[in-house]
Amino acid sequence: MISKSDRDTIIWLSSLNIGNRNIEKIMYQLDNLQDLWDMPPNEIYKLNDINSSVLEKIISYRDENYLNRLYETIYSNNINVITIFDEDYPEDLKYIHDKPLVLYIKGNITKEDNVALAVVGSRKHTSYGKWATEYFVRELVKLDVTIVSGLALGIDSIAHKTALEYGGRTIAVLGNGLDVIYPKKNRELYNRIPENGALMTEFTFGVQPLSHNFPNRNRIISGISLGVIVIEAKEKSGSLITAEHALEQGKEVFALPGNINSIFSKGTNKLIKEGAKLVMDIDDIIEEIYLLKNRQYKSKEKEIDFSNLSDLEIKIVEAIKEGPTHCDLIAIKTGLDISTVNSVITILEIKGIVKEISGRVFSL
């Protein structure tokens, strides 16, 4: 008699390519999912709203040797499996529609990855798209943001590579099993990502990169991210599907504006027209993602070389390091008269250390 935990059972069902919705229907009807191992076939056939072919598969594969071989494959390939029953299951994914019940991971997911942004775009791209991807990823990495994308050629690959190049973490969400490298051109990137991030998929071993897998995996890309940045996209693009998932999940959507004559900007320009946040620099993202604001100030403070500043200049910097501050408040904080504050701020602006946000409000 086989007796396994609910966790073992959900991994087993996933390995049989039984979808999340069918598994949830079974969970709803049973007090314990593990009861599947011992139920007589006639009781299994009584499960409601489940296709008979799925039920037959469950009955046919109730084999402890099969489960042992499955775990051997998982362990021998250094794969970590996270299920909906586990404490380390990504918190944000719990609340999305059609949440993945099992995730296969190569590499590691850390607490740092709770602050992540997706960067997606066309497989074919322009030099403008490449430049923009590198710029935004580089600036986000400075703020310790994990970069999420889909390991596709083009913008996705540039996002992953740039994150790694600048010492950042990156997560690639795949539309196939972890034992399948797709696209093959990304073999080196596939091997590098687990060193400082993770490859993640809901698909079990052997699942090929079928076209319908990718729209489904896009909900995970947006699901583990605070927002989605669409760099370049044609009018009909997988990146737009990711943006749609993000909107449904209540996440921020950002889009890079482009030439109205470029096919690679039709999708992003359409997103902006429909309400996505137009992005021209990193501040456009930071002002929408509250968690990044403090990180930005701390990052900028680290970049300042205080050895080249006068005592008065250091006073001003210290007064505004917590965030945008009006010059009158700077005067109060420092005890300096307003004319001195204004003259020192002018010098700091020339040095590129301070900038005016609006109406005599300054930040680093």
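**Salt bridges and one helix face**

K142 and E139 form a salt bridge, with their closest N and O atoms 3.2 Å apart. This is a predicted model, and the pair makes a handy starting point. Both residues belong to helix α6 (residues 127–142), where they sit 3 residues apart, or about one turn of the helix. The two partners don't share the same surroundings, though: K142 is partly exposed, because its relative accessibility is 41% and the partly exposed range runs from 20% to 50%. E139, on the other hand, comes out at 16%, so it falls under the 20% cut-off and counts as buried.

What lets such residues pair up in general? Side chains of opposite charge can do so when their charged atoms come close. In this model, the count of salt bridges comes to 17.

Some of these pairs reach across the sequence. Take K4 and E64, whose salt bridge has its closest N and O atoms 3.1 Å apart. K4 is found in the segment before α1 (6–15), while E64 is part of helix α5 (residues 64–76), so this pair ties together parts that are 60 residues apart in sequence. Here the lysine is the buried partner: K4 has a relative accessible area of 18%. E64 is partly exposed, with a relative accessibility of 34%.

K351 and E313 make another such link, their side chains meeting in a salt bridge at 3.0 Å, N to O. K351 lies in the loop between α16 (338–350) and β11 (355–358), and E313 lies in helix α14 (residues 311–320), so the bridge ties together parts that are 38 residues apart in sequence. As for exposure, K351 is partly exposed at 40% relative accessibility. E313 is buried, with just 6%.

Salt bridges can also join up beyond a single pair. Which residues are linked in a network of salt bridges? They are R21, D98, E202 and R219.

Now for a helix seen from the point of view of burial. In helix α2 (residues 20–29), the buried residues are N20, N22, I23 and I26. Why do they end up on the same side of α2? The reason is that they cover an arc of only 165 degrees around the axis. As for what they touch, the buried residues of α2 pack against α1, α4 (52–60) and α9 (213–223).

Conventions
Residues are numbered from 1 along each chain as its sequence is written. This is a predicted model: local features need pLDDT of at least 70, side-chain atom pairs count only at pLDDT 80 or more; totals for chains, interfaces and linings use all residues. Side-chain values use heavy atoms; hydrogens and water are left out. A salt bridge is a side-chain nitrogen of Lys or Arg within 4 Å of a carboxyl oxygen of Asp or Glu. Helices (H or I, at least four residues) and strands (E, at least two) are DSSP runs, numbered from the N terminus. Buried means under 20% relative accessible area, exposed over 50%, partly exposed in between (1.4 Å probe, protein chains only). The arc is that of the directions from the helix axis to the C-beta atoms. Contact means heavy atoms within 4.5 Å.
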